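Me: I have a chain open here and would like to go through it step by step. Can you help me read it?

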Amino acid sequence: MGTKTVDETGLKTDDDKVDEAAEAKAAESTETAEHTAADEDTTERDTDAGAATEGGPSGVGQGAGAVVSAGLGIVSLTGSWVGTVASARESLIGQLETSASSDVATMIEKGYGNAWHATALWGGLFALVALIVGVVVLARPAFGAPGRPQAPWIKSVAWAGVALGVIGLLLAVLKYTDVLLGLPSTG
């Protein structure tokens, strides 16, 4: 049982009730301090998130677009799986369409010329896509947040993609028109 004491006002109280009241008051002040700290932390995070949003996009999409452009430009120069399959398919079709009695020019054209043109066509398509993606990445800041410069590495990689796309497109046109490594003449 609790003991009876006299408080500062002269009233008799139970010591247990006084202790409970003091503990409750201490717990309440601790909870209030924890809630205040949590509210301040949330406010800081919200402010940081708002600042990031106000600052505009981080440029991740532009960076990814620049890398894709450069990658497609490299693929246009080195060849792709799709181009290889298309070339093999055209070669097979050409072999099936020619017979042993066909003249040599027809056999070369159907068996190898169409395959060469298919490879050039697919290389040109990859180069064109690389060129378009690179130009879009370079032009994006003009339509984005004013005063927010594009990261230098994004510009460099996008320019590399544009350059590789132009070179790939030029080579594809030269291969397709037989200016570069044309089929041998039979006559």
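What follows is a short run through the chain, its helices and a few of its residues.

Reply: This is a predicted model, in which local features need pLDDT of at least 70 and side-chain atom pairs count only at pLDDT 80 or more, while totals for chains, interfaces and linings use all residues. Residues are numbered from 1 along each chain as its sequence is written, and side-chain values use heavy atoms, with hydrogens and water left out.

Me: How many helices and strands does the chain have?

Reply: Five helices and two strands, in the order β-β-α-α-α-α-α along the sequence. Helices (H or I, at least four residues) and strands (E, at least two) are DSSP runs, numbered from the N terminus.

Me: What share of the residues is buried?

Reply: Of 187 residues, 22% count as buried. Buried is under 20% relative accessible area, exposed is over 50%, and partly exposed is in between, with a 1.4 Å probe and protein chains only.

Me: Now α4. What does α4 span, and where does α4 bend?

Reply: Helix α4 covers residues 104-143, which is 40 residues, and reaches 57 Å from its first C-alpha to its last. That is close to the 58 Å expected, where the expected span is 1.5 Å times one less than the number of residues. The helix α4 bends by about 35 degrees at Gly113; the bend is the angle between axes fitted to the seven residues ending there and the seven starting there.

Me: Different topic: which side chains meet in a salt bridge?

Reply: Glu90 and Arg89, at 4.0 Å from N to O. The count comes to one salt bridge, meaning a side-chain nitrogen of Lys or Arg within 4 Å of a carboxyl oxygen of Asp or Glu.

Me: Are those two buried or exposed?

Reply: Arg89 counts as exposed, at 53% relative accessibility. Glu90 is partly exposed, at 24%.

Me: And where is Ser80?

Reply: Ser80 sits in the loop between α2 (60-78) and α3 (81-97). Ser80 counts as buried, at 13% relative accessibility. A polar atom of the Ser80 side chain lies 3.1 Å from the backbone nitrogen of Gly83.

Me: What lies over the face of Trp116?

Reply: Lys175, at 5.4 Å from the ring centre. A charge sits over a ring if NZ of Lys or CZ of Arg is within 6 Å of the ring centre and within 35 degrees of the ring normal.

Me: Last one: what is phi of Asp178?

Reply: Near 65 degrees, a positive value in a residue other than glycine. Asp178 is in the segment after α5 (152-176) and counts as partly exposed, at 29% relative accessibility.

Conventions: Polar contact = N/O pair within 3.5 Å; in protein donor to acceptor, adjacent residues only side chain to side chain.
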